[in-house]
Amino acid sequence: MTTAEQHRTDEELKALAERAGRDLEDAPALDIMRWAVETFGDRFCVTSSMEDAVVAHLASRVRPGVDVVFLDTGYHFEETIGTRDAVEAVMNVNVLTLTPRQTVAEQDAEYGPRLHDRDPDLCCKLRKVQPLEEGLKGYQAWATGLRRDESPTRANTPVVGWDARRGKVKVSPIARWTQDDVDDYVARHGVLTNPLLMDGYASIGCAPCTRRVLEGEDARAGRWAGRGKTECGLHG
C-alpha cells in the first residue's frame with residue numbers, strides 16, 4: 001500500500017466500500033477476498049468465531065499468514081477453543097486472540113453473576129463488542145463469515161459494505177453462499193470445523209447462550225433462545 005492508501009479518510013473508505021459492493025456483488029468469494037487483500041494489504045484482517053475456518057481458509061489462499069482475529073469471551077465451549085488451537089496449528093494464518101478487559105470473575109464481582117441471563121446485551125457489549133473495537137483499530141477493513149441465508153436479520157448483507165460505527169470496510173465474501181455451498185467448500189478443501197456442528201448446533205456462540213436447533217428452525221435460532229435477541233452487536 002502507498003502512504004496515501006494507508007491514510008485513507010472515512011469518506012474515501014466509504015466510497016470504496018460502496019463501489020466494491022456494487023461491482024463485486026456477483027463475484028466469486030475468492031475474488032472478493034483477493035480484492036480486499038490487494039486493496040488493504042496488512043490493514044486487512046479476518047474475524048472468526050471458530051464455528052468453521054472457511055473464511056480464514058479463503059483468505060489464506062490469497063494472503064498466506066493473514067491475521068485471523070478471534071474473540072475469547074471467557075464463555076466459549078471447549079470445542080471452540082480447540083478449533084481455534086487447531087486452526088493456529090495447521091493453517092497458514094496468524095491467529096490473534098482478543099480478550100475482554102475483565103475476566104468473567106471480575107465481571108461477576110462488578111455486575112453480579114450470570115450477567116448473560118439478566119442483561120445479555122450488556123454482556124455481549126463487554127465481552128464481544130468492546131474488545132473487537134479495540135482489536136480492529138489498526139485495520140481499515142475486516143472480513144466476516146456472514147451469510148444472507150442464516151437469518152432474516154442478515155438477508156441484506158452486502159458482500160462489501162461500510163461499517164459506519166467502526167469507520168471500516170466490512171467484507172462478507174460468502175454472503176451469497178448457502179449452507180450447501182459451505183459444506184461443499186469444507187469437503188473439497190478439508191477445512192476445519194467446530195465438532196459441535198455435528199452435535200446439533202447450527203450456530204455457535206458462548207456456551208450459556210447457545211443451544212441446539214430444532215428441525216425447521218433457522219440456523220441462528222439456538223442463539224439467545226427465548227430472550228428476544230438475535231445478534232450480539234458485532235454486526236448490528
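This is a short tour of a predicted model, going from the whole chain to one strand and its neighbours.

**Whole chain.** Start with everything selected and colour by secondary structure: you should find nine helices and six strands. Along the principal axes, the C-alpha atoms occupy a box of roughly 50 × 40 × 35 Å. The radius of gyration is 17 Å, which agrees with the value near 18 Å for a compact globule of 236 residues.

**Surface and charges.** Switch on the accessible surface, which comes to about 11300 Å², with 48% of that belonging to carbon and sulfur atoms. Of the 236 residues, 50% count as buried. Now colour the charged side chains: 31 are positive and 39 are negative, and the centres of the two sets lie 3 Å apart.

**Strand β6.** Next, select residues 168-171, which make up β6. Are its two faces covered or open? Both are covered. Lys168 and Lys170 point to one side, Val169 and Val171 to the other, and all of these residues are buried.

**The hairpin partner.** Add residues 160-163, strand β5, which runs antiparallel to β6 and is joined to it by four bridges. Look for Asp163, standing opposite Lys168. The two strands form a hairpin with four residues between them. Stop at Gly167 in that turn, where phi is positive, about 70 degrees.

**The parallel partner.** Finally, select residues 141-143, strand β4, which pairs with β6 in the parallel sense over three bridges. Which residue of β6 is the bridge partner of Trp142? Click on Lys170 to see it.

Note on methods. Residues are numbered from 1 along each chain as its sequence is written. This is a predicted model: local features need pLDDT of at least 70, side-chain atom pairs count only at pLDDT 80 or more; totals for chains, interfaces and linings use all residues. Side-chain values use heavy atoms; hydrogens and water are left out. Buried means under 20% relative accessible area, exposed over 50%, partly exposed in between (1.4 Å probe, protein chains only). Two strands pair if DSSP finds at least two bridges between them. The radius of gyration is taken over C-alpha atoms; the globule rule is 2.2 Å times the number of residues to the power 0.38. Accessible areas come from the Shrake-Rupley method with a 1.4 Å probe; for residues, only the protein chains shown count as cover. Lys and Arg count as positive and Asp and Glu as negative; His and the chain ends are not counted. The place of a charge is taken as NZ of Lys, CZ of Arg, CG of Asp or CD of Glu.
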